[in-house]
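Me: Please take a close look at one part of this model and explain how that part fits with the rest. Keep the account connected, and give the values as you go.

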Amino acid sequence: MLRTEKRGLAIAAASSVVVLGIFVAVALIAPGSSEVKQAFFSGRHLKGAAFGTDKTGSVIAAFFSVTVRMFLLAEVLVLGLALFLAVIRNLPGPVFFPFRILTIIYIDFFRGIPLLLLMFIVGFGVPGMQLGLISRQSQFVYGTIALVLVYSAYVAEVYRAGIESVHESQTSAARALGLSRWQALRHVVLPQAIRRVIPPLLNDFIGLQKDTALVAAIGLVEVVRTAQAYGTTFFNFAGFTVAAGLFVVITIPLARFTDWLIAREQRKMRASGGVR
């Protein structure tokens, strides 16, 4: 078994080296490789875009001061709003029927509308409505609102799947012990449901982190706009390379952490015979 595993690792490593070598060779022998290298990977321009110049801002500073701040704020708001929507959608009884319908309409609508289109509607439509303080917010606020509206609809469905994965017998047992339906939901169902959906939640937040770049469409000066300003000023695309690298640095560790959580959950399922 050990010999087979070592052989498999050796084959995987060799194939990876071959594929990477092919990509590198194609990149080096392509007729326009020198122009692309100068346009996207010039050391001088990479440094200038990353740390800023006297004419342009720093891509790194824009990433952490705007993009990361927006992502973290939107993530917190999405978690809370999506959980509220999922709970409302799963409330039983005819009394809550209107609330369930409204929740379904909200989720279906914001899952169906493209995020970029909603950015335009919120970013330009709300200020144009002249609603006093509501229409005098910054593009940062409008961009965050658009992200929260769309991703709360997606995450609500993730929560709902987690809630429905908890067997009804869990609620029945909690009720038999004297807990109300709300207490059973809070203390028995939701803790299990949230724990089960952590991996898909992280996948959604990987997408959220990348989609923060779309706020550039409504004029917010963030990492993409800063990189674009550098390119316009110096006729070089190194700023976009720096911006892409920053997103990758954040996304890949989160993706690998998600894979680790999924693998751990699968090991627990196998250890328990598939019963949770």
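Reply: **A close look at Glu157**

Glu157 is buried, because its relative accessible area is 16% and the cut-off for buried is under 20%. The model is a predicted one, and that applies to every value below. Salt bridges with shared partners link Glu157 into one network with Arg89, Arg111, Arg160 and Glu164.

Which residue meets Glu157 at 2.8 Å, N to O? That partner is Arg89, and the two side chains form a salt bridge. Arg89 belongs to helix α4, which covers residues 59–89, while Glu157 belongs to helix α7, which covers residues 139–165, so this pair ties together parts that lie 68 residues apart in sequence. Both members of the pair are buried.

Arg111 also meets Glu157 in a salt bridge, here with an N to O distance of 3.6 Å. A salt bridge is counted when a side-chain nitrogen of Lys or Arg is within 4 Å of a carboxyl oxygen of Asp or Glu, so the 3.6 Å contact qualifies. Since Arg111 sits in helix α5 (residues 97–112) and Glu157 in α7, the bridge ties together parts 46 residues apart in sequence. Is Arg111 buried, exposed or partly exposed? Arg111 counts as partly exposed, because its relative accessibility is 36%. Glu157, by contrast, is buried. In general, side chains of opposite charge can pair when their charged atoms come close.

Further along α7, the side chains of Arg160 and Glu164 meet in a salt bridge at 3.2 Å, N to O. These two residues are both in α7, 4 residues apart, or about one turn of the helix. An α-helix has 3.6 residues a turn, so residues three or four places apart point the same way. Arg160 and Glu164 are members of the network that also holds Arg89, Arg111 and Glu157. Over the whole structure, the search finds 4 salt bridges.

The residues of α7 beside Glu157 also have contacts elsewhere in the chain. Val197, in the loop between α9 (181–196) and α10 (198–211), touches Val158, Tyr159 and Gly162 once its neighbours within four places in sequence are set aside. The C-alpha atoms of Val197 and Tyr159 are 6.8 Å apart in space, although 38 residues separate the two in sequence. Val197 is buried because its relative accessible area is 5%.

The loop between α6 (115–128) and α7 holds Gln130. Gln130 has a phi near 55°, a positive value in a residue other than glycine. Is Gln130 buried or exposed? Gln130 counts as exposed, because its relative accessibility is 70%. Phe235 is another non-glycine residue with a positive phi, near 50°. Phe235 lies in the loop between α11 (223–234) and α12 (238–271). Phe235 is exposed as well, because its relative accessible area is 74%.

Helix α3 (residues 43–51) contributes buried residues: His45, Gly48, Ala49 and Ala50. Lys47 lies in that helix too, but Lys47 is exposed, because its relative accessible area is 59%. From Lys47 to Ser58 is 11 residues in sequence and 9.5 Å in space, C-alpha to C-alpha. Gly52, just after α3, takes a positive phi of about 90°.

For the setting of these parts, the protein has 12 helices and 0 strands. The radius of gyration is 24 Å, well over the 19 Å that the globule rule gives for 276 residues, so the protein is more spread out than a compact globule. Along its principal axes the C-alpha trace spans about 70 × 70 × 25 Å. Buried residues make up 36% of the 276, Glu157 being one of them. Among contacts with a separation of 6 or more, 74% join residues 24 or more positions apart. The protein exposes about 16,200 Å², and carbon and sulfur atoms supply 70% of that area. There are 26 positive and 13 negative charges, and their mean positions are 5 Å apart.

To return to the starting point, Glu157 is a buried residue that forms salt bridges with Arg89 and with Arg111.

Note on methods
Residues numbered from 1 in each chain as written. Predicted model: local features only at pLDDT ≥ 70, side-chain atom pairs only at ≥ 80, totals over all residues. Heavy atoms only, no water. Buried < 20%, exposed > 50% of the residue type's maximum accessible area, 1.4 Å probe, protein only. Rg over C-alpha atoms; globule rule 2.2 N^0.38 Å. Contact = heavy atoms within 4.5 Å. Areas by Shrake-Rupley, 256 points an atom, 1.4 Å probe, with all protein chains shown as cover. Lys, Arg positive; Asp, Glu negative; His and termini not counted. Charge placed at Lys NZ, Arg CZ, Asp CG, Glu CD.
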